[in-house]
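I opened this notebook to look at two things: how the nonpolar residues pack, and where empty space is left inside. My entries follow in that order.

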Amino acid sequence: MDTRRLICTPFTSSSTADEVLEDIDLAGVRAIVTGASSGLGIETARALTAAGAEVTLAVRDTAAGDTVAETIGKSTGGVRPRVVRLDLADRETVARFVDVWSGPLHLLVNNAGVVTGGLERTREGWELQFATNHLGHFALATGLHHALARGAADRDGARIVSVSSTAHMRAGVDFDDLHFERRGYDPQIAYAQSKTANSLFAVEATRLWASDGIVANAVNPGGVATGLQRNFTPEQKASLDAAEAAGVFTYKTVEQGAATTVVAAVAPEFAHSGGHYLDDAQEAYRVPNDADLARHPHGVKEWALDPATAERLWAVSTGLLRPKGGRKAES
């Protein structure tokens, strides 16, 4: 069991994003929230905008994004968020997003995610959940590294929030078969692998970029009913119901689910400390890789925070995303 002194905040599982941001002025903060056209992304973007941040909604469907931006602008009385197209499974749209970004960036919230009911692949042949949830965000963050460094110089630090999940406890990263080319496909294991990768990204990004003033942390928002579940198979739905019945999680509101993301984004406790996994607005305790999920629903497995694994994943991800001309992703 983890015996380290964990980072704690005044917030709890029932806290909301607005409560976390109470009395915090984000004027001058430039933020990107991916997947901000539904669920947790909308609430995260709304709360940040209400606190004064200049928010960009990075979304696949810009029409939906425009509707969200209009609603946020009216509800907060603040500046209407900007909307820019981003399809994390499409390397070209990620590159375009990076190319058109201008100026410093202070906060990157890697919130978007997909769940599939069966095996789907990108044009490169990559398994879609890993490609979208991890590789797309990896390409986005590395591409925006200079902007984040500029943001850090502006405001004594920049932050990345990587949205992970309790699902990470089901599987580590299988480097021998990342894209399910040899093993039988299980969408739950594929999703779990991508969520473990989200946490490992935060570990290695902090190691590489802390000297630039950039820290990254992973968060588990908890059980929130969002559009993410729309593609669940009957087996996936049954597994979710069983987990709820076993006490693995209790459903939160969207406002409560976004709170842990916002804690990682603004709480002073994490201003210069990264490579952590947060659950219910606190740093989670670590458990062995063979720990039972039902007994440790608020823990984080060692495989999701292991520095050597994080370094290996970074190298593998860089290799996968390297352009044919040979220029590698920035580190």
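**Entry 1, the largest core.** I am working with a predicted model. I looked up the largest nonpolar core and found 48 residues in it. Ile 32, Phe 97, Leu 105, Leu 108, Leu 140, Leu 144 and Ile 160 touch the most other members. I then asked which elements each supply at least two residues of this core. The helices are α4, α5, α6 (145-155), α7 (187-209) and α10 (307-321). The strands are β5 (158-163) and β6 (214-220).

**Entry 2, Leu 105.** I picked Leu 105 from the core and left aside its neighbours within four places in sequence. Leu 105 is in contact with Arg 30, Ala 31 and Ile 32. I also noted its contacts with Leu 144, Ala 147, Leu 148, Gly 151 and Ala 158.

**Entry 3, another core.** Apart from the largest core lies another, of 40 residues. I noted Val 20, Val 33, Ala 47 and Ala 281 among them.

**Entry 4, empty space.** How many cavities of 30 Å³ or more does a search of the whole structure find? I got 1. The largest cavity holds about 60 Å³ of space. Two elements give two or more residues to its lining: α4 (91-100) and α5 (128-143). The largest share, 4 residues, comes from α5.

**Entry 5, the lining.** I went through the residues that line the largest cavity, including Leu 88, Asp 90, Arg 91, Glu 124, Trp 126, Gly 136 and Leu 321. The lining divides into 8 nonpolar, 1 polar and 3 charged residues.

Note on methods:
Residues numbered from 1 in each chain as written. Predicted model: local features only at pLDDT ≥ 70, side-chain atom pairs only at ≥ 80, totals over all residues. Heavy atoms only, no water. 1 Å grid on protein atoms, 1.4 Å probe; cavity = no way out; pocket = protein on both sides within 12 Å on 5 of 7 lines; lining within 4 Å. Points joined across faces, edges and corners; volume = space filled by probe spheres on them. Nonpolar A, V, L, I, M, F, W, Y, C, P; charged D, E, K, R; others polar. Core = buried A, V, L, I, M, F, W, Y, C linked by side-chain atoms within 4.5 Å. Buried < 20%, exposed > 50% of the residue type's maximum accessible area, 1.4 Å probe, protein only. Contact = heavy atoms within 4.5 Å.
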